[in-house]
Amino acid sequence: MKYKQYILAFLISSLIFSCQTTQNEERVSKGNLQLVFGSNGRLQEDINNYGLSIENAEGKVILSFDKISEAPTSIPLAVGEYTVKAFSASEMPYVTFDAPYYYGEESCTIESGKETSVNITCALKHLKLNVNFDSDIINNSKSYSATAATAHADITVDATTSNTVFVERSALLIETVIEQMDGSIIKGKQILSGLEEQTEYTVNISY
């Protein structure tokens, strides 16, 4: 009888030790991710409304938030390599008047039992283009327009739109059409290349 009691006590002790060991292993096999967000000086929107995703080493999204404001200040993660991404929209439009795209990503390593701080800077991924028409064109023509075409899309600036557009990094074909008061048409064309994202360019159009 005592022998059976010894066996039972041993089994219970082993089970308790096993549970404690498993809990300890789970505790030390994880770390915490703390996120810090910054700006390159061109950020004009509330970054708290940006989306957030965390990918593992295989590129699989393991966590995502519609808004950064919804993410906890400290995120527990299994030990490993990760890429953290923040973005103003799910996709970057090729061209836009009013939806400039901001994006930032950083890689990090989560270590056992440690807190890893990652600083992500969201930068403008478009280039900013100002299209300025000469006052003679504005005052002495029936109509005028300039179409900026990238590798994937185009956008037209005229008297009814803003003269500022945001476009993908690409060589740009700028085509202008001016209708004079007598009905004659003047067309122009120029190509801009070697352009960089996060940069502002101005195109001045005159007769």
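## Strand pairing and selected residues in a predicted model

An open sheet of four strands, with mixed pairing, follows the order S6-S12-S9-S15. Strand S6 (95-96) and S15 stand at its edges with a single partner strand each, so one side of each is left without a neighbour in the sheet. Within this sheet, strand S9 (residues 127-133) and strand S12 (residues 164-167) are paired in the antiparallel sense over four bridges. Asparagine 130 stands opposite threonine 164 in S12. In general, strands of a sheet pair through backbone hydrogen bonds, either parallel or antiparallel.

The model described here is predicted. Its chain contains two helices and 15 strands. Of the 207 residues, 32% count as buried. The accessible surface of the chain comes to about 12,500 Å², and carbon and sulfur atoms contribute 50% of that area. Among contacts in the chain with a separation of 6 or more, 62% are between residues 24 or more positions apart.

**The hairpin of S2 and S3**

Strand S2 (residues 51-56) and strand S3 (residues 61-65) run antiparallel and are joined by four bridges. Isoleucine 54 stands opposite leucine 63 in S3. The hairpin has four residues between its strands, and glycine 59 takes a positive phi near 85 degrees there.

A positive phi is also found at glutamine 198, a residue other than glycine, where the value is near 65 degrees. Most residues other than glycine have a negative phi. Glutamine 198 belongs to the loop between strand S14 (185-192) and strand S15 (200-205). S15 is also one of the edge strands of the four-stranded sheet.

**Residues of strands S1 and S5**

The relative accessibilities of four residues are set out below.

| Residue | Relative accessibility | Class |
|---|---|---|
| Glycine 80 | 21% | partly exposed |
| Lysine 85 | 18% | buried |
| Phenylalanine 37 | 25% | partly exposed |
| Glutamine 198 | 26% | partly exposed |

Lysine 85 is found in strand S5. Lysine 85 counts as buried because its relative accessibility of 18% falls under the 20% cut-off. The side chain of lysine 85 makes a polar contact, at 3.1 Å, with the side chain of glutamate 55. Leaving out residues up to four places away in sequence, lysine 85 touches Gly51, Leu52, Ser53, Glu55, Tyr103, Gly104 and Glu105.

Glycine 80 also lies in strand S5 (residues 80-87). Beyond residues up to four places away in sequence, glycine 80 touches Cys108, Thr109 and Ile110. The C-alpha atoms of glycine 80 and cysteine 108 are 8.5 Å apart in space, while the two residues are 28 residues apart in sequence.

Phenylalanine 37 is part of strand S1 (residues 30-39). Its contacts, with neighbours within four places in sequence left aside, are Ile47, Leu52, Ile68, Ala86, Asn119 and Ile120. Isoleucine 47 is 10 residues from phenylalanine 37 along the chain, with a C-alpha separation of 8.1 Å. Leu52 is thus listed among the contacts of phenylalanine 37 and among those of lysine 85.

Notes:
Residues numbered from 1 in each chain as written. Predicted model: local features only at pLDDT ≥ 70, side-chain atom pairs only at ≥ 80, totals over all residues. Heavy atoms only, no water. Buried < 20%, exposed > 50% of the residue type's maximum accessible area, 1.4 Å probe, protein only. Contact = heavy atoms within 4.5 Å. Polar contact = N/O pair within 3.5 Å; in protein donor to acceptor, adjacent residues only side chain to side chain. Pairing = 2+ DSSP bridges. Areas by Shrake-Rupley, 256 points an atom, 1.4 Å probe, with all protein chains shown as cover.
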